[in-house]
Amino acid sequence: MSIRLLIVAAVMTASAFSYAPSVLADLIAVIGTGRMGAAIGPRFAETGHTVIYGSRDPAQEKVRALVARTGPGTTATTNDDAVEKADIIVFALPFAATEELIKSNQNEFAGKIIFDITNASLKALTPDHPDAVESSAGQIIQEWAPKSFVVKAFNTVGYHIVGDPSHASGPVTVPLVGNSGEAKMKVAGLVQAMGFETTDSGTIENAHVTEGMAHLYFIPLARREFDEAFEYYFRKGTAPTGVTAKQIRGTD
Ligand SMILES: NC(=O)c1ccc[n+]([C@@H]2O[C@H](COP(=O)([O-])OP(=O)(O)OC[C@H]3O[C@@H](n4cnc5c(N)ncnc54)[C@H](OP(=O)(O)O)[C@@H]3O)[C@@H](O)[C@H]2O)c1
């Protein structure tokens, strides 16, 4: 057992439901090498972490090029192997593929963070869509991997902005939802290091709220009114000078 796994095992024995951030550098698995995987992997490496990509075919040319672009220490392997090796796992996959991978690796998630960027569709909006759910992708992933610490982040941000936040022409705030305060702090650190602000938006039950932001985007996208890039962002604002929060609430 590696030193990293020993530490995680000791922490899990001490407290089954509390995430303890590791003092070691993070080994982050990015599963899927499409738009989001290829955007987020190099950002993790730039900010000091080691990336292991998971792919259906780790030897394919696009994966080899991504490994080279991500930099020294980066590797690529199968999805199952990447899940097993890493402490933090990002599923940059279609939702149905995420389900299959979690269910076939049930024992690999205990004590690990699932950095959940996924967006499922919504049965109420698209009843016939194969990825449609009734609650939210975040809640369902937490149910599939109950001993993991799911933190939903970045599902509201387009891949091109994850790759380069300056394309958003202003600061972008990333809402985080998850049940473990410690895991959210850990993910907040990763996201902030990439140049984003974060806000704690509550427990994983609120994933339907942040996923709703994506659904707002899917509706015009399906009508071909938007192109494929997200073009609206959650951004912390400033109240007009002289107006207090009490006045806005109408209690002054
Ligand atoms: N695109 C965005 O701007 C954006 C923004 C926020 C959130 N998201 C969410 O991020 C997730 C990934 O989106 P994406 O835009 O990166 O998708 P994508 O460009 O289609 O890439 C998905 C990757 O997943 C792997 N994959 C595809 N089909 C698979 C299957 N049946 N089984 C296993 N692996 C499969 C492939 O990587 P390999 O060839 O290496 O296996 C593929 O490149 C989705 O849940 C999406 O909702 C996307």
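Start by selecting the ligand: the space it takes is the largest pocket. Keep in mind as you click around that this is a predicted model.

**Stop one: around the ligand**

Now bring up the neighbours. The ligand is surrounded by 22 residues, and the closest are Thr33, Met36, Ser55, Arg56 and Tyr159. Zoom in on Thr33, where a polar side-chain atom sits 2.5 Å from an oxygen atom of the ligand. Next, pick Gln60: an N or O atom in its side chain is 3.3 Å from a ligand oxygen. For Leu93, turn on the backbone, since a polar backbone atom there is 3.0 Å from an oxygen atom of the ligand. How much of the ligand's accessible area does the protein cover? On its own the ligand has 900 Å², and the protein covers 78% of that.

**Stop two: two residues with positive phi**

Most residues other than glycine have a negative phi. With that in mind, select Phe154, which is not a glycine and yet has a positive phi of about 70°. You'll find Phe154 in the loop that runs between β8 (149-152) and α7 (159-163). Is Phe154 buried or exposed? Its relative accessible area is 0%, so Phe154 is buried.

Carry on to Ser169, in the loop between α7 and β9 (173-178). Ser169 is another residue other than glycine with a positive phi, this one near 45°. Show the surface here: Ser169 has 68% relative accessibility, which is over the 50% cut-off, so Ser169 counts as exposed.

**Stop three: Gly73**

Jump to the loop between α3 (61-70) and β3 (75-78) and pick out Gly73. Gly73 has a relative accessible area of 54%, so this glycine is exposed too. Now add Thr50 to the selection and draw a C-alpha to C-alpha distance: Gly73 and Thr50 lie 6.4 Å apart in space, although 23 residues separate them in sequence.

**Last stop: helix α8**

Finish by selecting residues 181-193, which make up helix α8. What span should its 13 residues have at 1.5 Å a residue? The expected value is 18 Å, and the end C-alpha atoms are 18 Å apart, so the two agree.

Colour the buried residues of α8 next: Ala183, Lys184, Lys186, Val187, Ala188, Leu190 and Val191. As you look along the axis, remember that an α-helix has 3.6 residues a turn, so residues three or four places apart point the same way. Then step past the end of α8 to Gly195, which follows the helix and has a positive phi, near 100°.

Note on methods. Residues numbered from 1 in each chain as written. Predicted model: local features only at pLDDT ≥ 70, side-chain atom pairs only at ≥ 80, totals over all residues. Heavy atoms only, no water. Helix = DSSP H or I, 4+ residues; strand = E, 2+ residues; numbered from the N terminus. Expected span 1.5 Å × (residues − 1). Buried < 20%, exposed > 50% of the residue type's maximum accessible area, 1.4 Å probe, protein only. Near = heavy atom within 4 Å. Polar contact = N/O pair within 3.5 Å; in protein donor to acceptor, adjacent residues only side chain to side chain. Areas by Shrake-Rupley, 256 points an atom, 1.4 Å probe, with all protein chains shown as cover. 1 Å grid on protein atoms, 1.4 Å probe; cavity = no way out; pocket = protein on both sides within 12 Å on 5 of 7 lines; lining within 4 Å. Sits in = over half its atoms within 2 Å of the grid points.
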